[in-house]
Structures are given as structure tokens and as C-alpha cells.
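Q: Please take a close look at one part of this model and describe it in connected prose. The part of interest is the largest pocket, together with the elements around it.

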Amino acid sequence: MRLTVHTFLTLDGVMQGPGGPEEDTSGGFTAGGWMTAFGGPDFGAVVDSWFTRTAALLLGRTTYQAFAGFWPQVTDPENTVAVAINAMPKHVVSTTLPEQDWTGTRVVRPADGGAVEQVRRILDAGGPDDELQVHGSHRLARTLHDAGLVDEYRLLTFPVVLGQGKRLFDTGSAPSGFQVVETAVVDDVATYHVLRPVPLEAPREFAVEDGREVTR
């Protein structure tokens, strides 16, 4: 399977608690709900498109609990996201979460060989046209990035700076370059980037040759 990461970001890279004040207050975070002032038809179309591609979800405990507290209540058959999330397999990585009764949920215990090894097994069990999607799930996304397992990032960035909170990439993240696959302005309030990790290119230097600025 392919592994893709989807998240909403501020300009300073924060991904914590976009959907509501109580979504994730860990670390004393007080700016939850920062994304809710934005949105529109194009935003909805982008998010809907994510869920038409996925075969299964892979979530951390905090994101899973936020999803489980909201999406089972949405029964509108026209809601693309709700229909997909409620029906599809959901793998949640946690050492503390008890077994869940939300349809399709499987709790993945990192103690059973480590989180990365568990994810490798899930990926190996799927087909090449299948997609395992991570949504939010800060710690899990960071772990998968550092392990080199992420095939593609789909990021919606909003014109907000918070100065606090969990960041997708932060001090200690494994260095990586990225190929830009797609970019767009969404509803005139957000930018959308689809990125694929590639090896980090060697740095170049600026120089002057025959009176001209060059890189080498």
C-alpha cells in the first residue's frame, strides 16, 4: 500500500487542534479551532477527494478519539467524508486505548514489535493500488516520516501564525527534500501542496564568474 499523510497547517507549521478548542489541549495549547474561521466549497472538494482514494485509515490515539467522538454521529449519506470514515478500516496506534466498538477499528499495539514494524505489516498486507491514510496524528506522522515510510504529503496551509503547538516538521525531524506534485490556492484563504519525499540535494554555492552570478 501507499502511505499518505494529510493535515492542516498554520504558516508556522502548527498542526495541533485545528477543529475545536478542546480537540487537543496537550502541552497547554489554547489556540484550538484556529482553522474553523476558514473554508469554502473548494476546501470541501479537496478534503472529499482525499477520502475517495483511501482504503484504510491509520491514526494516533488523540486524532482517533476526536474522530470517534464526531463522525459516527454524521449519518448524512451525501457526506463523502462521513460515509468513508464510518465504513472503512481504522488502525489506531496506542499503548493505552482499550478495544473500540466503532466499526472497522483495530487497535495497533506498538509493544507488538514497535509502531514502525506494525505499520510495515499493514502496508505489506494491502495492494499496490490501495492507500493507507494518516490524518493529523502528530507523533505518528513524525515517526513515519523519520522512518522514511511516507509516500506523499497532502497539506492545506492557512494564513495564521500561532507561535505554539505541535508542528509537523520540527527540530530533530529527519532531513528530506520534496518533489512538488500539485499546488493550488483554495478559496483564496489557503494553499494546497501535494509533496513526495525525495533525497535531499547537496547544497550549492553562489559565485561570480566573468562578472556574472552563477551557482555551482
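A: The largest pocket of this predicted model has a volume of about 1,300 Å³. Its lining comprises 47 residues, and those closest to the centre of the pocket are Thr62, Thr63, His135, Gly136 and Ser137. Several elements contribute to the lining: strand S1 (2-9), helix H1 (41-51), H2, H3 and helix H5 (138-146) each supply at least two residues.

Helix H2 deserves particular attention. This helix spans residues 61-68, and its buried residues are Thr63, Tyr64 and Phe67. Viewed down the axis of H2, these buried residues fall within an arc of 100°, so they line one face of the helix. The general background is that an α-helix has 3.6 residues a turn, so residues three or four places apart point the same way. Thr63 thus has two entries in this account: Thr63 is among the buried residues of H2, and Thr63 is also one of the residues closest to the centre of the largest pocket.

The partners of that buried set can be named. The buried residues of H2 pack against strand S2 (56-60), helix H3 (80-87), strand S3 (90-93), strand S4 (105-108) and strand S5 (131-135). In orientation, H2 lies across S2, S3, S4 and S5, and runs at about 115° to S2.

Helix H1, another contributor to the pocket lining, has Phe43, Val46, Val47, Trp50 and Phe51 as buried residues. Seen down the axis of H1, the buried residues fall within an arc of 140°, so they too line one face of their helix.

The strands that H2 lies across belong to an open sheet of eight strands, in the order S4-S3-S2-S5-S1-S6-S8-S7 and with mixed pairing. S4 and S7 stand at the edges with a single partner strand each, so one side of each is left without a neighbour in the sheet. On average, neighbouring strands of this sheet are turned by 20° against each other, direction ignored. S1, which supplies residues to the pocket lining, stands between S5 and S6 in the strand order.

Further along the order, the pairing can be followed strand by strand. Strand S6 (residues 152-157) and strand S8 (residues 190-198) are antiparallel and joined over five bridges, with Leu155 opposite His193 in S8. S8 also pairs with strand S7 (residues 177-186), again in the antiparallel sense, over nine bridges. Within that second pairing, Phe178 stands opposite Pro197 in S8, while Ala184 stands opposite Tyr192 in S8. The hairpin of S7 and S8 has three residues between the strands, and Asp187 takes a positive phi near 55° there.

A further hairpin involves strands that are not listed in the order of the eight-stranded sheet. Strand S9 (residues 206-209) pairs with strand S10 (residues 212-215) in the antiparallel sense over four bridges, and Val214 in S10 is the bridge partner of Ala207. This hairpin has two residues between the strands, and Asp210 takes a positive phi near 55°.

Returning to the edge strand S4, the loop between S4 and helix H4 (115-125) contains Gly114. At 25% relative accessibility, Gly114 counts as partly exposed. Gly114 and Val150 are 36 residues apart in sequence, and their C-alpha atoms are 17 Å apart in space.

Technical notes
Residues are numbered from 1 along each chain as its sequence is written. This is a predicted model: local features need pLDDT of at least 70, side-chain atom pairs count only at pLDDT 80 or more; totals for chains, interfaces and linings use all residues. Side-chain values use heavy atoms; hydrogens and water are left out. Buried means under 20% relative accessible area, exposed over 50%, partly exposed in between (1.4 Å probe, protein chains only). The arc is that of the directions from the helix axis to the C-beta atoms. Contact means heavy atoms within 4.5 Å. Two strands pair if DSSP finds at least two bridges between them. Axes are lines fitted to C-alpha atoms, for helices over the stretch in contact, and angles run from 0 to 180 degrees between N-to-C directions. On a 1 Å grid over the protein atoms alone, a cavity is a set of points where a 1.4 Å probe fits but cannot get out, and a pocket is an open set with protein on both sides within 12 Å along at least five of seven lines; lining residues have an atom within 4 Å of a point. Grid points are joined across faces, edges and corners, and a volume is the space filled by probe spheres set on the points.
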